[in-house]
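Let's take a friendly walk through a protein chain, stopping at a few spots along the way. Have the sequence and the 3D view ready.

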Amino acid sequence: MLKKSFLAVLILLVLTACGNKDEKMSEEEREKVIDDGTVGFEMMGGNVEKAENVPAADEKAILASFDEYIAALNAEEIDRYMKTISKNPKGFKYDEEKTYASEVFEQFDIKRDVENVTIAKYEPEEAQVFANMKMHSLQLETNVEHESAGRQVTVFVKEDNDWKVTSVFYIGDDSQSSTGN
């Protein structure tokens, strides 16, 4: 039973990171990602500042896309969720994500609560949305519940005049995680 609990925790974190399941980053690779601008700020530490150069129309559209992404995940509606994903993502493979998300939706009931949603970096074709996230999950087969929290950066790209998720970076906060029956 404990093994299944750990598996549940692992799967939750992986889905939150949009299917980056076996892609562990070394410190050097993480630094390169940051240097290349994929994540343009430090995810650890204090407050995240709002990007000042976001046009009002894009801000509204980006935040609406982020809200839909979270709502689709919480509703566990695979077609709706996949409409929020870029057809050419940088952080995962589209077809693998669909398969993986479908499997997770079948095995878990997961709800995400987000706070402090902030567009932290903006360019006309890419935006990074930061959020504090709490996840509540129930593994359906075992009825094991898990609570976790962390910080997430969801990277959006402009695709066919819509903002779509291209990659996700998540850092969990172990001090806010618990697993129980």
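Our first stop is Asn161, which is exposed: its relative accessible area is 70%, and the word applies because that value is over 50%. Keep in mind that this is a predicted model. You can find Asn161 in the loop between β3 (144-159) and β4 (162-172).

Now look at the backbone there. Most residues other than glycine have a negative phi. Asn161 is not a glycine, yet its phi is positive, at about 65 degrees.

Where else can you see a positive phi in a residue that is not a glycine? Asn116 has one as well, of about 55 degrees. This residue sits in strand β1, which covers residues 108-123. Is Asn116 buried, exposed or partly exposed? With a relative accessible area of 48%, Asn116 is partly exposed, because buried needs a value under 20% and exposed a value over 50%.

Next, let's turn to the aromatic rings. How many aromatic pairs does a search of the whole structure find? The search finds four. One pair to look at is made by Tyr81 and Phe105, whose ring centres are 6.1 Å apart and whose planes meet at 70 degrees. Why is this pair called edge-to-face? The centres lie within 6.5 Å, so the rings count as a pair, and the angle is over 60 degrees, so the pair is edge-to-face. Along the chain, the two partners belong to distant parts: Tyr81 is in helix α4 (residues 78-82) and Phe105 is in helix α5 (residues 94-107), 24 residues apart.

Both partners are buried, since Tyr81 has a relative accessibility of 0% and Phe105 has one of 11%, and the cut-off for buried is under 20%. The rings of Tyr81 and Phe105 also belong to a wider group: ring pairs link them with Phe66 and Tyr69 into a cluster.

Our last stop is Gly150, in strand β3. Gly150 counts as buried, because its relative accessibility is 8% and that is under 20%. Which residues does Gly150 touch, if we leave out those up to four places away in sequence? Among them are Ala131, Asn132 and Met133, and further along the chain Tyr170, Ile171, Gly172 and Asp173. There is also a distance to look at here: Gly150 and Asp174 are 24 residues apart in sequence, and their C-alpha atoms are 8.2 Å apart in space.

Key. Residues numbered from 1 in each chain as written. Predicted model: local features only at pLDDT ≥ 70, side-chain atom pairs only at ≥ 80, totals over all residues. Heavy atoms only, no water. Helix = DSSP H or I, 4+ residues; strand = E, 2+ residues; numbered from the N terminus. Buried < 20%, exposed > 50% of the residue type's maximum accessible area, 1.4 Å probe, protein only. Phe/Tyr/Trp six-rings, centres within 6.5 Å; stacked < 30°, edge-to-face > 60°. Contact = heavy atoms within 4.5 Å.
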